[in-house]
Amino acid sequence: MDTPEELHGFVCEVARRAGELQLSRYEDPGEVKQKAPKDFVTEVDLLCERLMVDAITERYPDDAILSEEQGGSVSETGRTWLLDPVDGTANFMKANPMFCACVSVVEGGKVTHAAVAAPRLGDLYHARLGGGAYRETGGVRTPLRVSDTEKLEYGIVGADLSLYGGKPQDPGVEEVLFGAWQLRALGSAGIRGAWIAAGYLDVSIGTRNTAWDYAPTVLLVSEAGGRATDLSGEPWSLSSRGLIATNAALHQEVLAVLNRA
Ligand code: IPD
Ligand code: CA
Ligand code: CA
């Protein structure tokens, strides 16, 4: 039986190996298919998923796996792995460097380990419940700490909005953006969450229910001194619709603005 440290090392290794595969296919995504309107999957998404699933199944055959492309299941009693083989596929298709591989482990409803490998940035972000959050770049490990921004009006907010067709946004999300200083739309929920933990952004808003996108943010941000909840301020869970992650200081203000609209 692996210790939590050994498990954590393996979580990081799986993310890192998928990131290496992504990098080896940079500018060469292979066949691209449209799963749904404006939702793409490349050959590299599928290759990364195969690599990750095979590695996890070989080492932990009894664990449940839920992965974006192949689906899967969540274990009620045991360990579940959440995988996003390529997060930021729309970027990867265009050789935009903002893409990553996301791996999370959920036990007893809590995210206990997470790793986000962003190979074109040279960064691996990872966290363990109760063990802190870190960035590794070029073999150097740095602890992550959220920003100290105290007011939303000075806040830099990360969110990916689809504006096609003039579709109105959630009014609460619009209010948060209008109340903030600047918006960053990175095209990768995994990197966005890691950047809250690193203090590069102050607030992250996600309005979907894709657990593999949000689970790493929940752990990285809370281990770096921030807060992550669902859109109403309740603890985030695998079935939550959306995630708000902040530097903690802005959390109440963001929730109040989001929910008064
Ligand atoms: C998407 C990206 C994007 C976010 C979408 C995600 P994908 O993930 O993270 O930034 O706005 O909600 O689905 O499809 O590239 O793995
Ligand atoms: Ca994703
Ligand atoms: Ca993906």
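Two strands count as paired if DSSP finds at least two bridges between them. The legends below describe a predicted model.

**View 1. Strand 6 and strand 7 of the predicted model form an antiparallel pair.** Strand 6 covers residues 100-107 and strand 7 covers residues 110-118, with 7 bridges joining them. One of the residues to look for is C102, whose bridge partner in strand 7 is V116.

**View 2. Helix 1 and helix 5 pack on the sheet.** Helix 1, residues 4-24, touches strand 5, strand 6, strand 7 and strand 8 (123-128). The direction of helix 1 makes about 30° with that of strand 7. Helix 5, residues 189-197, touches strand 5, strand 6, strand 7, strand 8 and strand 9 (132-137). For helix 5 the angle with the direction of strand 7 is about 105°.

**View 3. Eight strands make up an open sheet with mixed pairing.** The strand order is 4-3-5-6-7-8-9-10. At the edges lie strand 4 (71-72) and strand 10 (140-143), each of which pairs on one side only.

**View 4. Ligand 1 is surrounded by 13 residues.** The closest of these are D87, T89, D160, G187 and A189. Strand 5 (79-87) and helix 3 (89-93) each supply at least two residues of the shell. Both domain 1 (4-143) and domain 2 (152-260) contribute to the shell, with at least three residues from each. Sorted by class, the shell holds 6 charged, 5 polar and 2 nonpolar residues.

**View 5. Domain 1 and domain 2 are in contact.** The protein chain is divided into domain 1, residues 4-143, and domain 2, residues 152-260. The centres of the two domains, taken over C-alpha atoms, are separated by 20 Å. On the domain 1 side 29 residues take part, and they are in contact with 21 residues of domain 2. Elements that give two or more residues to the domain 1 side are strand 3 (64-67), strand 5, helix 3, strand 6, strand 7, strand 8 and strand 9. The residues of this side divide into 18 nonpolar, 7 polar and 4 charged.

**View 6. The protein chain as a whole has 7 helices and 15 strands.** Along its principal axes the C-alpha trace spans about 50 × 40 × 35 Å. The radius of gyration of the protein chain is 17 Å, which agrees with the value near 18 Å for a compact globule with 261 residues.

Key. Residues are numbered from 1 along each chain as its sequence is written. Chains are lettered from A and ligands numbered from 1 in the order in which they are written. This is a predicted model: local features need pLDDT of at least 70, side-chain atom pairs count only at pLDDT 80 or more; totals for chains, interfaces and linings use all residues. A residue is near a molecule or strand if its C-beta atom, placed from the backbone, lies within 6 Å of it. Helices (H or I, at least four residues) and strands (E, at least two) are DSSP runs, numbered from the N terminus. Ala, Val, Leu, Ile, Met, Phe, Trp, Tyr, Cys and Pro count as nonpolar, Asp, Glu, Lys and Arg as charged, and the others, Gly among them, as polar. Domain bounds come from an automatic or database domain assignment. Two residues are in contact if their C-beta atoms, placed from the backbone, lie within 7 Å. Axes are lines fitted to C-alpha atoms, for helices over the stretch in contact, and angles run from 0 to 180 degrees between N-to-C directions. The radius of gyration is taken over C-alpha atoms; the globule rule is 2.2 Å times the number of residues to the power 0.38.
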